[in-house]
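I set out to record what I looked up in this structure, one element at a time. My entries follow in the order in which I made them.

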Amino acid sequence: MGTSVQVTPLCGVYNENPLSYLVSIDGFNFLVDCGWNDHFDPSLLHPLSKVAPTIDAVLLSHPDTLHLGALPYAMKQLGLAAPVFSTEPVYRLGLLTMYDQFLSRKQVSEFDLFTLDDIDSAFQSVTKLTYSQNHHFSGKGEGIVIAPHVAGHLLGGTIWKITKDGEDVIYAVDFNHRRERHLNGTVLGSFVRPAVLITDAYNALNNQPYRRQKDKEFGDILKKTLRAGGNVLLPIDTAGRVLELILILESYWADENLTYPIYFLTYVASSTIDYVKSFLEWMSDSIAKSFEQTRENIFLLKYVTLLINKAELDNAPDGPKVVLASMASLETGFSHDIFVEWASDMKNLVLFTERGQYATLARMLQADPPPKAVKVTVSKRVPLVGDELIAYEEEQNRIKKEEALKASLMKEEELKASQGPDNNVSDPMVVDASNDHLSAEAAGPRGGGYRDILIDGFVPPSTSVAPMFPCYENTSEWDDFGEVINPDDYVIKDEDMDQGAMHAGGDINGKLDEGAASLILDTKPSKVISDERTVQVRCSLVYMDFEGRSDGRSIKNILSHVAPLKLVLVHGSAEATEHLKQHCLKHVCPHVYAPQIEETIDVTSDLCAYKVQLSEKLMSNVLFKKLGEYEIAWVDAEVEKTENEMLALVPVSSQVPPHKSVLVGDLKLADFKQFLSSKGVQVEFSGGALRCGEYVTLRKVGDTTQKGGSSGTQQIVIEGPLCEDYYKIREYLYSQFYLL
């Protein structure tokens, strides 16, 4: 049998809930994505809690809450302790996304599901990979190789390729085949006939207009609102699709010579743009080429102003403005507060660029027709004053005293244990736990070893002849040059430096904006006050699709080209999932699965795979030829068992008849047309064929794929009289292949 593969959805099937799936390959458990939604409902993670301790590795595909939002909570509360793998942008931007989520909630609630330290701890276990970089597992995962590939959609977005014994398992969700301003299209179409493809049906029922038409409509509706004296609110994610929107706005403002202010408002806005400036190599080819020629970074923003708190927006000059504010769901964050303020003015516009998450305020407002009034909860954090402050301080003092007493009792127990079981020996000393100033500073220069402590209430044992304070001998080793030291005691670990950097400042090395840092460091006693309001929705509400996902028609074409042996559908409404399933059964492959939550499906390959050794005698006579990244050769051999019962390929004992020549490669007529043009041959497409010169014609015959994912025969036919042009074109054609 082939490699054993099982897929178990933990969240995100037959609905639009967060994505989280268990993929087991020969007993090695991958958690592919670890998402949560903006409600942060722990009940969604119940299936994950059952398997979290058994996870061997975590793969993250996109830097948004739906793909990685549950990672800090799972590592803190659910026992998830596996190494995590992602690209550099997914790591950096995902970290900022979680910071923004935490800070947004901490300002309006007593949010305690995870802390900033939990976020830091979770992301410190991330191993960062570049696109197409192979990572080989050892131990339990021996023989398994993972590699991230371009997905589009979000910066650093990943299609994961998991390989074992020559069989590929592809995880491709939320991909985009279209090239955008800051991202290349996905490379999913370059994979052919993987053993298993796991993909989503989220956009299976949607079709999109052309990008230029959509961008123009987007700019025109903004301009119309602003010229009428209204404000525009764009609820956005923290560090995902907002990057494409910023470039669209920058381009439109430059083309139209507009002077209306644009504000990008999140708790981590400055850090987001600082990071993005350093990720040009992860962006589209056009951005990289432009930077090489002009040395100008496209994210040196000319029209967009970065803000990190609402006070800065409130102090901005009056007049029409565009504000991009998190969160996209309108459940919390700056966008929620701005919506409450602006919704009652008919001149204003709330422009949604992505579908709101299920059961959120954004989703409610996107209904057709939209509601005329909505109930919202407005919350804010205010400092404690008067009696509340006094009561809080008294409670804190009481807690400190209890903790000090507990620490003292623990010390006593430890000392009693160190004195042995002699009940007649009283406690020789009690550490005064109230002396908090004698903490880490009292330790030696290396922070380890013994500490100088204040001894209070020294009571000599009754059996002691000459009582004295404890004396510890210095056991340090010495040589001719002095005391022998361990250099490791003086090394500051990188993760310690990173953790310290996370909480102060605002530069490129992982630090928060100063405003966000001040929120963290603000330890003044405070409370959250809330009130229910009914907001009259008189402003305009418009939805335009800027999600950056392939539409239904494109998804179907890509799946037909990839032609997986087995297909697993996840993440999408029940209607979209069933629609895509029926289409794929007819046109892609006969094995299509759409499992329910916690339903394990076995998608093990039906192929029989055997491991064989290549004998030295055989390999000494094999002639390899270079084919891209690989070397290929024709082998005639026999299979026999070795002394240790392994299968081995050995040279054929009898005379081997000559084999027909084989041309290896995949020719695209469009590429061959450019090649011939470079050789001075007049060439053009006519009726699906390539006319070369005056007499010779090339055409492809046969289908690249057949139903069921099996490969069809494909031939390239060259037609024309036997003339000089014919032989020249044929020679050029042969040069595009490898001859075996």
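Entry 1. I began with what covers the buried residues of H19, working from a predicted model. The cover includes strand E33 (683–686), strand E34 (689–692) and strand E35 (696–701), together with helix H20 (724–734).

Entry 2. I then asked which residues of helix H19 (residues 669–678) are buried. I found Leu669, Phe672 and Leu676. These residues lie on the same side of H19, because the arc they cover around the axis is only 55°.

Entry 3. I turned to the face of H19 directed away from its buried side. There I noted Gln674 and Ser678, which are exposed; I took exposed as over 50% relative accessible area.

Entry 4. I looked at the chain just after H19 and found that Gly680 adopts a positive phi of about 85°.

Entry 5. I moved on to a sheet and asked in what order its strands are arranged. The three strands follow the order E27-E31-E30, and they form an open sheet with mixed pairing. I identified strand E27 (612–614) and strand E30 (637–641) as the edge strands, since each of them pairs on one side only. On average, neighbouring strands of this sheet are turned by 35° against each other, direction ignored.

Entry 6. As general background, I noted that strands of a sheet pair through backbone hydrogen bonds, either parallel or antiparallel. I then checked how many bridges join E27 to strand E31 (residues 647–651). I recorded three bridges, and the two strands run parallel. I also noted that Gln613 stands opposite Ala648 in E31.

Terms used
Residues numbered from 1 in each chain as written. Predicted model: local features only at pLDDT ≥ 70, side-chain atom pairs only at ≥ 80, totals over all residues. Heavy atoms only, no water. Buried < 20%, exposed > 50% of the residue type's maximum accessible area, 1.4 Å probe, protein only. Helix = DSSP H or I, 4+ residues; strand = E, 2+ residues; numbered from the N terminus. Arc of directions from axis to C-beta. Contact = heavy atoms within 4.5 Å. Pairing = 2+ DSSP bridges. Axes fitted to C-alpha atoms, helices over the stretch in contact; angles between N-to-C directions.
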